[in-house]
Amino acid sequence: MTASNPLSAGACNTANHAVLAWVDEMAHLCLPERVYWCAGSEAEKAALTQEAVARGILIPLNQEKRPGCYLHRSNPNDVARVEQCTFICTTNPEDAGPTNNWMAPREMYAKLRELCRGAMRGRTMYVVPYLMGPPGSPLTKVGIEITDSIYVVLSMRIMARMGQAAYDQLRDSPNFNRGLHCMLDVHPERRYIAHFPEDNAIISVGSNYGGNVLLGKKCLALRIGSWLGRKEGWLAEHMLIMGVESPVGEKTYVAAAFPSSCGKTNFAMLVPPPAFAGWKVWTVGDDIAWMKPGADGRLYAINPEAGYFGVAPGTSMKSNPNAMRSIQRDTIFTNVALTPDGDVWWEGHDDAPPKECLDWRGQKWTPDSKEKAAHPNSRFCAPAVNNPMLAPEYHDPQGVPISAIIFGARRSTTMPLVYQAFNWTHGVHVGATMGSETTAAATGAVGQLRLDPMAMLPFCGYNMGEYFRHWLRIRKLITHPPRIFHVNWFRKGDDGKFLWPGFGENMRVLKWIVDRCRGHADAEETPLGWVPGPRSFDLSGMDNFNADNLAKAQSFNVEEWRNEVIKSDELFLKLYADLPKELIFQRELLVARF
Ligand code: OXD
Ligand code: MN
């Protein structure tokens with residue numbers, strides 16, 4: 001857009017022709033009252049926040065208790081990701097594969113252009129330039145999101161490196177992700193989250209929920225990212241990244257994939273229990289890892305994000321003290337409860353339920369109310385730099401060398417606490433056959449077992465069979481492959497109680513994993529893989545948990561595993577045409593081992 005264009009009211013801060021032309025085209029399509037070019041400054045944040053408050057989009061919290069914190073209430077029909085409205089639009093349907101919704105790009109563009117035509121009349125179109133990744137990293141990508149939601153602008157400012165840095169990295173290249181977001185009337189019937197990987201473009205309409213509209217996150221960093229990763233030789237994964245520091249200062253970096261709302265943020269911010277004095281866990285990222293083979297033959301990871309979009313319910317000083325510290329300031333809360341003193345509350349908070357408060361819809365709530373005070377998928381959106389244990393390497397453009405990859409699921413049965421794959425190919429099979437019980441992060445039933453390969457079922461931007469092949473190919477590009485593990489914190493006994501205490505105690509599992517990577521821990525061979533030997537799993541200082549409890553949490557039940565294989569066959573049959581033969585052989589080997 002040129003400065004003389006009558007649609008443009010904000011100061012344009014780039015001379016990049018491709019950016020100007022695309023913004024101009026979108027402005028002529030959406031017909032906003034004005035175009036605001038975001039610069040990312042503090043003054044701009046203050047002005048936009050003030051406007052959001054004046055329009056009732058943000059509610060200021062108690063600024064003494066929580067400086068810079070605000071509450072947003074979403075439309076009650078718009079509280080989670082909507083997988084049924086999420087599309088991968090490739091010329092050839094096989095490129096999207098059988099696990100994605102597909103529509104031809106031409107058809108989807110036509111449909112969405114119609115919906116977006118004049119959709120910003122009387123509204124402001126914000127142009128949000130952002131970087132996914134540290135400036136100067138070979139993995140970092142530039143995105144520009146056009147949105148008519150001030151809540152999205154303020155949230156993107158937290159979740160990505162927003163502002164001039166993006167134009168500086170882009171210079172005069174046309175190579176950036178084009179993301180258009182129109183709220184429309186926030187109606188489920190007009191809700192589409194459409195990805196056009198062949199054009200590096202995204203159009204999201206009809207929603208204002210984070211996972212659907214903060215386009216740098218799930219849309220660019222995972223769906224488009226995985227497509228680009230296959231093309232360019234790297235991996236875009238739904239993984240946290242942590243640095244585990246031993247008492248002698250040795251750091252080991254671990255990446256871990258868990259489905260949404262299964263404890264990635266808690267694990268990424270783990271505080272070791274007292275028996276692990278001297279150990280530290282540093283957070284590099286809590287949701288997304290981009291990993292690329294390095295010149296030294298190791299796999300290097302960056303966190304492309306700049307903030308945490310975490311699930312609020314269940315977050316407490318007991319479950320995640322570093323998250324509680326991270327949300328003390330400059331945080332946007334969505335759909336949590338508002339207490340009379342202007343603070344936030346949710347189920348599982350340290351504070352007892354307030355005698356009275358406003359629930360996530362803004363209605364009066366008391367402990368006798370039948371409904372939950374906070375929506376089960378209510379969120380906090382907090383800057384990564386608020387985390388007292390943010391790893392200094394988070395800023396490093398080279399990323400961190402990964403020694404272990406963990407696949408984790410929410411499983412009340414079958415899956416032991418921890419086991420190690422025999423090798424990379426076996427590990428790919430372990431990840432590919434991962435199943436987990438569904439959570440409130442996406443709309444639909446909660447608690448249903450579904451296959452979620454590598455926690456990427458909702459996020460893989462191409463054919464899942466090809467994705468597995470890409471994982472196998474990556475092995476050939478690394479000479480020091482990370483060891484691969486599977487964990488499950490959620491197994492229950494016959495009494496319905498969890499068999500493992502979880503939270504900080506997960507440090508014990510982590511230490512075994514780190515020790516295995518460094519050749520310091522023994523293991524026993526089982527049909528599933530390697531499990532901790534009797535001397536190598538540290539139970540010291542645990543209350544009411546001994547070797548017998550561990551044996552229960554680790555037990556292998558052949559009947560349950562038969563069902564597990566039958567369940568994973570469903571996915572393998574669906575993907576059969578594109579399934580790498582290595583995975584079929586791994587299935588055979590597993591069955592033979594029982
Ligand atoms: C998320 C999700 O918000 O996975 O991270 O849904
Ligand atoms: Mn996630």
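Student: How do the residues of the lining of the largest pocket divide into nonpolar, polar and charged?

Tutor: Keep in mind that this is a predicted model. To find spaces like this one, here's the general idea: rolling a probe the size of a water molecule over the atoms shows where empty space is left. In this structure, the lining of the largest pocket is made up of 20 nonpolar, 16 polar and 11 charged residues.

Student: What volume does the largest pocket have, and which residues are closest to its centre?

Tutor: The largest pocket holds about 990 Å³ of space. It is lined by 47 residues, and those closest to the centre are Ser261, Cys262, Gly263, Asn266 and Arg410.

Student: Which elements supply at least two residues each to that lining?

Tutor: Look for helix H8 (216-232), helix H9 (264-268), strand E18 (307-311), helix H10 (321-326) and strand E24 (379-383). H9 gives the most, with four residues.

Student: Where does ligand 1 sit?

Tutor: In the largest pocket. To read a binding site, start with the shell of residues, then check the polar atom pairs. Around ligand 1 you'll find Arg81, Lys217, Lys218, His238, Ser260, Asp287, Phe309, Arg379, Ala441 and Phe459. By class, that shell has three nonpolar, two polar and five charged residues.

Student: Which side chains have an N or O atom 3.0 Å, 3.1 Å or 2.9 Å from an oxygen atom of ligand 1?

Tutor: Take them one at a time. For Lys218, a side-chain N or O atom is 3.0 Å from a ligand 1 oxygen. The side chain of Asp287 has an N or O atom 3.1 Å from an oxygen of ligand 1. With Arg379, the distance from a ligand 1 oxygen to a side-chain N or O atom is 2.9 Å. These pairs count as polar contacts because their N or O atoms are within 3.5 Å.

Student: How much of the accessible area of ligand 1 does the protein cover?

Tutor: On its own, ligand 1 has 210 Å² of accessible area, and the protein covers 96% of that.

Student: What volume does the second largest pocket have, and what lines it?

Tutor: Its volume is about 650 Å³. There are 36 lining residues, with Glu83, Arg450, Leu451, Leu457 and Pro458 closest to the centre. By class, that lining has 14 nonpolar, 13 polar and nine charged residues. H15 gives the most to it, with four residues.

Student: Now the closed spaces: how many cavities of 30 Å³ or more are there?

Tutor: A cavity differs from a pocket in one way that matters here: the probe fits but cannot get out. The count for this model is two cavities of 30 Å³ or more. The largest cavity has a volume of about 190 Å³. Its lining has 20 residues, and Tyr419, His429, Thr433, Trp561 and Leu590 are the closest to the centre. Helix H11 (424-432), helix H15 (558-574) and helix H16 (581-593) are the elements that give two or more residues to this lining. H15 has the largest share, six residues. By class, the lining splits into 10 nonpolar, six polar and four charged residues.

Student: And what lines the second largest cavity?

Tutor: That cavity has about 50 Å³ of space. Among its lining residues are Ser74, Asp78, Tyr151, Asn208, Phe309 and Arg379. You've met Phe309 and Arg379 already, as part of the surroundings of ligand 1. The cavity lining has four nonpolar, six polar and two charged residues.

Technical notes: Residues numbered from 1 in each chain as written. Chains lettered and ligands numbered in written order. Predicted model: local features only at pLDDT ≥ 70, side-chain atom pairs only at ≥ 80, totals over all residues. Heavy atoms only, no water. Near = heavy atom within 4 Å. Polar contact = N/O pair within 3.5 Å; in protein donor to acceptor, adjacent residues only side chain to side chain. Areas by Shrake-Rupley, 256 points an atom, 1.4 Å probe, with all protein chains shown as cover. 1 Å grid on protein atoms, 1.4 Å probe; cavity = no way out; pocket = protein on both sides within 12 Å on 5 of 7 lines; lining within 4 Å. Sits in = over half its atoms within 2 Å of the grid points. Nonpolar A, V, L, I, M, F, W, Y, C, P; charged D, E, K, R; others polar. Points joined across faces, edges and corners; volume = space filled by probe spheres on them.
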